[in-house]
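I record below what I looked up in this structure, entry by entry. I begin with one side chain and then widen the view.

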Amino acid sequence: MPRKHHMGFRFKSIRILILLLIAGIFIASCISFEMVKGIEGSPVKPPGDKLQVGKTTLETALELLGAPDQLAEMEGKDLLVYEQTLYRDNRISLGIPLGDITGPNIDLSAYGTLVRYDTLALFFSPDGILRDIVFENGSDRSYMKTLFPEEEKNSNSSPQNQ
Amino acid sequence: MRLLRYAVIVLIIISLCSGCALFGKNKEFQPFDVSALDTIAPGKSTATDITAIFGAPTEVVKMSNGNAYIYRRSISKGTGVWLILVSFGNFERQHDQIVFFFDKKDIVTHYGKSLNAEKASYGFPF
């Protein structure tokens, strides 16, 4: 008798596995999760003390940082831009194609695409002296907090009206 | 019976892991002859000398005191895995860049170089 019990358990587990397999095949086109990451350019670091407004020359900046990614002339000043682009895309979708049976399809999906930039902009006067520095560290901001800033604000603020 | 169970488990694993994998590489690339930079002398070399060595620039930008020639080469590497329920993708693009600054007489005043194209790598997004 115990042997029969054991056999019954085995059959049950195989049946569950087969059901899982069939379910997996059927839901394959219904549920999907996608994660994509992209990087363009080299890391851009904060300027620190190496670059000093009014002192650093264009030659020194090129020696320290290499070739800029973008160049422009702005109202008599030369703009050098060093930039790294960070791309992130996450999406999840759930769709049950019941169109032929019930009418409308059930289709739920959510996605978040975020492009962040680490940027260092240097402004030089025509005599080649550094006049201004702007640094933006976009990669420091978290993916979720950047996508949902309102929710974060709401959760941080306490209700004033009673 | 044990064999059947193993067969079913293997089938489940195969069905969940079946899909595609992709490794791609894209080059907008003609390597720079970096040693040629040693022949460039700021204050002496001209725009004609530069184009004779490096060819036509990728971009020409008007600056306050002349022009700048940008030479850019890129390497992109992409990795993708498509499984039944999840898919992952990763791409990276790096550049080799040389920028020459010229005065109004087309004489080289400065130049800067960044050679990072070979740092592009394959990977996963996590």
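**Entry 1: Phe54(B).** I worked from a predicted model. My opening point was whether Phe54(B) is buried or exposed. I found Phe54(B) to be partly exposed, because 19 other C-beta atoms lie within 10 Å, whereas a residue counts as buried at 20 or more. I placed Phe54(B) in helix 2 of chain B, which covers residues 47-54. I also noted a separation of 10.0 Å between the C-alpha atoms of Phe54(B) and Val34(B), which are 20 residues apart along the chain.

**Entry 2: Layout of chain A.** I then turned to the other chain. I counted four helices and five strands in chain A. Read from the N terminus, I have the order of elements as α-β-α-β-β-β-β-α-α. Chain A has 162 residues, of which 14% count as buried. Among the contacts in chain A with a separation of 6 or more, I found that 58% come from residues 24 or more positions apart.

**Entry 3: Helix 2 of chain A.** Which residues of this helix are buried? I listed Leu58(A), Ala61(A) and Leu65(A). I asked how they are arranged, and looking down the axis of helix 2 of chain A I saw the buried residues fall within an arc of 60 degrees, so they line one face of the helix. The general background is that an α-helix has 3.6 residues a turn, so residues three or four places apart point the same way. On the face turned away from the buried side I found the exposed residues Glu63(A) and Leu64(A). I traced the packing of the buried residues of helix 2 of chain A to strand 3, strand 4 and strand 5 (130-137) of chain A, together with strand 5 of chain B. Just after this helix I noted Gly66(A), with a positive phi of about 80 degrees.

**Entry 4: Strand 1 of chain A.** I looked up the pairing of this strand on both sides of the chain boundary. With strand 3 of chain A, strand 1 of chain A pairs in the antiparallel sense over 10 bridges; within that pairing I have Leu86(A) as the bridge partner of Ile39(A). With strand 4 of chain B, strand 1 of chain A pairs in the parallel sense over eight bridges. Here I recorded Phe91(B) as the bridge partner of Gly38(A), and Phe88(B) as the residue opposite Met35(A).

**Entry 5: Contact between the chains.** How many residues does each chain bring to the contact? I have 35 residues from chain A and 38 residues from chain B. On the chain A side, helix 1 (2-27), strand 1 (31-40), helix 2, strand 2 (70-74) and strand 3 each supply at least two residues. Strand 1 gives the most to this side, with 10 residues. By class I entered 19 nonpolar, eight polar and eight charged residues for the side of chain A that touches chain B.

**Entry 6: The largest nonpolar core.** I found 25 residues in this core, and those with the most contacts inside it are Ala68(B), Val99(B), Phe100(B) and Phe101(B). Both chains contribute: helix 2 (58-65), strand 3 (77-96) and strand 4 (106-124) of chain A, and strand 3 (66-82), strand 4 (86-102) and strand 5 (108-115) of chain B, each supply at least two residues. Strand 4 of chain B gives the most, with five residues. I closed on Phe101(B): leaving aside neighbours within four places in sequence, Phe101(B) is in contact with Met63(B), Gly66(B), Ala68(B), Thr109(B), His110(B) and Tyr111(B).

Notes
Residues are numbered from 1 along each chain as its sequence is written. Chains are lettered from A and ligands numbered from 1 in the order in which they are written. This is a predicted model: local features need pLDDT of at least 70, side-chain atom pairs count only at pLDDT 80 or more; totals for chains, interfaces and linings use all residues. A nonpolar core is a set of buried Ala, Val, Leu, Ile, Met, Phe, Trp, Tyr and Cys residues joined through C-beta atoms within 7 Å. A residue is buried if 20 or more other C-beta atoms lie within 10 Å of its own, exposed if 12 or fewer, and partly exposed in between; C-beta atoms are placed from the backbone. Two residues are in contact if their C-beta atoms, placed from the backbone, lie within 7 Å. Ala, Val, Leu, Ile, Met, Phe, Trp, Tyr, Cys and Pro count as nonpolar, Asp, Glu, Lys and Arg as charged, and the others, Gly among them, as polar. Two strands pair if DSSP finds at least two bridges between them. The arc is that of the directions from the helix axis to the C-beta atoms.
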